[in-house]
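Open the model in your viewer and keep the selection panel at hand. This tour goes from stop to stop, saying what to select and what is there.

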Amino acid sequence: MGLGYLVLSLFPGIDLFGEAYHREGFCVVRGPELFLGQDVREWQAIPSRFDVVIGGPPCKTFSHMRLGKEAKHENLIPEFCRVVGEARPLVFVMENIQYAPVPMVPGYQTVSYVLDSHKYGANQIRKRRFTFGWQSDGLDGCPFVPEKCVPRETRKTDPFPTVLACEGHYPATFTAGTKIGRMLTITEVAELQGVPELAEKYVLSRGKRAPFRLEFAYELLGNAVEMTVGRVVARMTLRGLESLAGSTSDKPPA
Ligand SMILES: C[S@@+](CC[C@H](N)C(=O)[O-])C[C@H]1O[C@@H](n2cnc3c(N)ncnc32)[C@H](O)[C@@H]1O
C-alpha cells in the first residue's frame, strides 16, 4: 500500500482519480476545482512537498478538435505541466483521452499507456491514456509497467460503451444508453464507474437533500476516472515509486 506518499490531485471534480489513490493507501490532497470557484490558473504549488501530482485536465477541447469542430474550451494541459514544474514531485500522472497532447515538463521523462477499464474487469469499454512522468535523473529504464489484464474468460461479456459526461443530457441514442435504448439511471452510471455506493448520495433518498442537481451528478460521474482502472494506475504508481526509491535511495515512504 502507498502509505506515506503524498499526492496532489489537480482538476479533481468529484476526484474518483484521487479516491483510487486513497483506496490504494496514498494520502491525497485536492487542488483547486473550478466548480468550487477555484481556478488552477490563479494557483501555485509549494515546491518539493508532494511525492506525486495527478490530474485529468478537461478533455472537451481535444474531442472537439478531433471531430474537426472549433475548440471552445481552453487547453489546460500546460497549466497541469506548470504546476508539476512548480511542485517538482517524484512522479506525475496525467489522465486524458487518447488524442490529447502528451504533457511535457522540463526535467521529466514520460511513458504513456492507453488502458481499457473493460480489460481490467469493469462492465464498460473505457479507453483512457495515462501518462507517467518521472525525474530524468532518476532510474535508467522505465519504472511504470501496466498490470496484466484479467483473463478474457472472466471479463464482462457484453460491456457498455463509454459512459460520458453528457449521459444525463441527451437522448439515449448518443451515449452508453444506446445499449439499453434509454437514458441510464444515475445508479447505473455510478455502478459502471465503479462507485455504486455514490448513487444513493447523488439522488434524493430517505428525505435527505442530494448534494447536486441530478444532471450535474451525471456530469461529475461521467467525467471521472473509472475506479477499477484508477486503482490499477495507483498501484502502477506505487511500484514505480518503489523502483525509483530503490535506484536513487530517494525518500522512502514514512
Ligand atoms: C475531467 S474532470 C476531472 C475528473 C476527476 N479526475 C475525477 O476522476 O473525478 C476535469 C475537472 O476540471 C475542472 N476544471 C476545469 N477548468 C478548471 C480550472 N480552470 N481550474 C480548476 N479546475 C478546472 C472541471 O470543473 C472538472 O471538474
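**Stop 1: the core**

This is a predicted model. Start with its largest nonpolar core, a set of 29 residues. Select Tyr21, Phe26, Val91 and Phe132, the residues with the most contacts inside this core. Then colour the elements that give two or more residues to the core: helix 1 (16-23), helix 7 (227-248), and strands 3 (52-55), 4 (91-96), 5 (108-116) and 6 (127-135). Which element gives the most to this core? Helix 7 does, with nine residues.

Now centre on Val91. Leaving out residues up to four places away in sequence, which residues does Val91 touch? Select Asp51, Val52 and Val53 on one side of the list, then Gly133, Trp134 and Phe144. Complete the set with Thr237, Leu241 and Leu244.

**Stop 2: the ligand**

Move to the ligand and show the residues around it. There are 20 of them, and Asp15, Phe17, Glu33, Asp39 and Val40 come nearest. Colour this shell by class: twelve residues are nonpolar, four are polar and four are charged.

Next, draw three distances from the ligand to the backbone. A backbone N or O atom of Leu16 is 3.1 Å from a ligand oxygen atom. For Phe17, a polar backbone atom lies 3.0 Å from an oxygen atom of the ligand. At Val40, the partner on the ligand is a nitrogen atom, 2.9 Å from a backbone N or O atom. How much of the ligand's accessible area does the protein cover? The ligand has 610 Å² on its own, and the protein covers 91% of that.

Stay with Asp15. Asp15 sits in the loop between strand 1 (6-10) and helix 1. Check its backbone: phi is near 60°, a positive value in a residue other than glycine. Is Asp15 buried or exposed? Asp15 counts as buried because its relative accessible area is 3%, under the 20% limit.

**Stop 3: helix 1 and the loop after it**

Select helix 1. Its buried residues are Leu16, Phe17, Gly18, Ala20 and Tyr21. Step just past the helix to Gly25, where phi is positive, about 95°.

Then pick Glu24, in the loop between helix 1 and strand 2 (27-30). Glu24 has a relative accessible area of 9%, so it is buried. What does its side chain meet? Show Arg231: the two side chains, Glu24 and Arg231, are joined by a polar contact of 2.8 Å.

**Stop 4: helix 6**

Go to helix 6, residues 214-223. Show Ala217, Tyr218, Leu220, Leu221 and Gly222, which are buried. Which helices do the buried residues of helix 6 pack against? Select helix 1, helix 4 (186-192) and helix 5 (197-202).

**Stop 5: two threonines in one loop**

Find the loop between strand 6 and helix 4, which holds Thr154. Thr175 is also placed between strand 6 and helix 4.

Take Thr154 first. Thr154 is exposed because its relative accessible area is 54%, over the 50% limit. A polar atom of its side chain lies 2.8 Å from the backbone oxygen of Pro151. Draw a line from Thr154 to Cys27: C-alpha to C-alpha they are 32 Å apart, with their positions 127 residues apart in sequence.

Now take Thr175. Thr175 is buried, with a relative accessible area of 4%. Its side chain makes a polar contact of 2.4 Å with the side chain of Glu167. Beyond four places in sequence, Thr175 touches Leu164, Cys166 and Glu167.

**Stop 6: Pro47 and Arg88**

Select Pro47, in the loop between strand 2 and strand 3. At 53% relative accessibility, Pro47 counts as exposed. Show Glu86 and Ala87, which Pro47 touches, residues up to four places away in sequence not counted. The C-alpha atoms of Pro47 and Val28 are 16 Å apart, and the two residues are 19 apart in sequence.

Finish on Arg88, in the loop between helix 3 (77-87) and strand 4. Its phi is near 50°, a positive value in a residue other than glycine. With 32% relative accessibility, Arg88 counts as partly exposed.

Terms used
Residues numbered from 1 in each chain as written. Predicted model: local features only at pLDDT ≥ 70, side-chain atom pairs only at ≥ 80, totals over all residues. Heavy atoms only, no water. Core = buried A, V, L, I, M, F, W, Y, C linked by side-chain atoms within 4.5 Å. Buried < 20%, exposed > 50% of the residue type's maximum accessible area, 1.4 Å probe, protein only. Helix = DSSP H or I, 4+ residues; strand = E, 2+ residues; numbered from the N terminus. Contact = heavy atoms within 4.5 Å. Near = heavy atom within 4 Å. Polar contact = N/O pair within 3.5 Å; in protein donor to acceptor, adjacent residues only side chain to side chain. Areas by Shrake-Rupley, 256 points an atom, 1.4 Å probe, with all protein chains shown as cover. Nonpolar A, V, L, I, M, F, W, Y, C, P; charged D, E, K, R; others polar.
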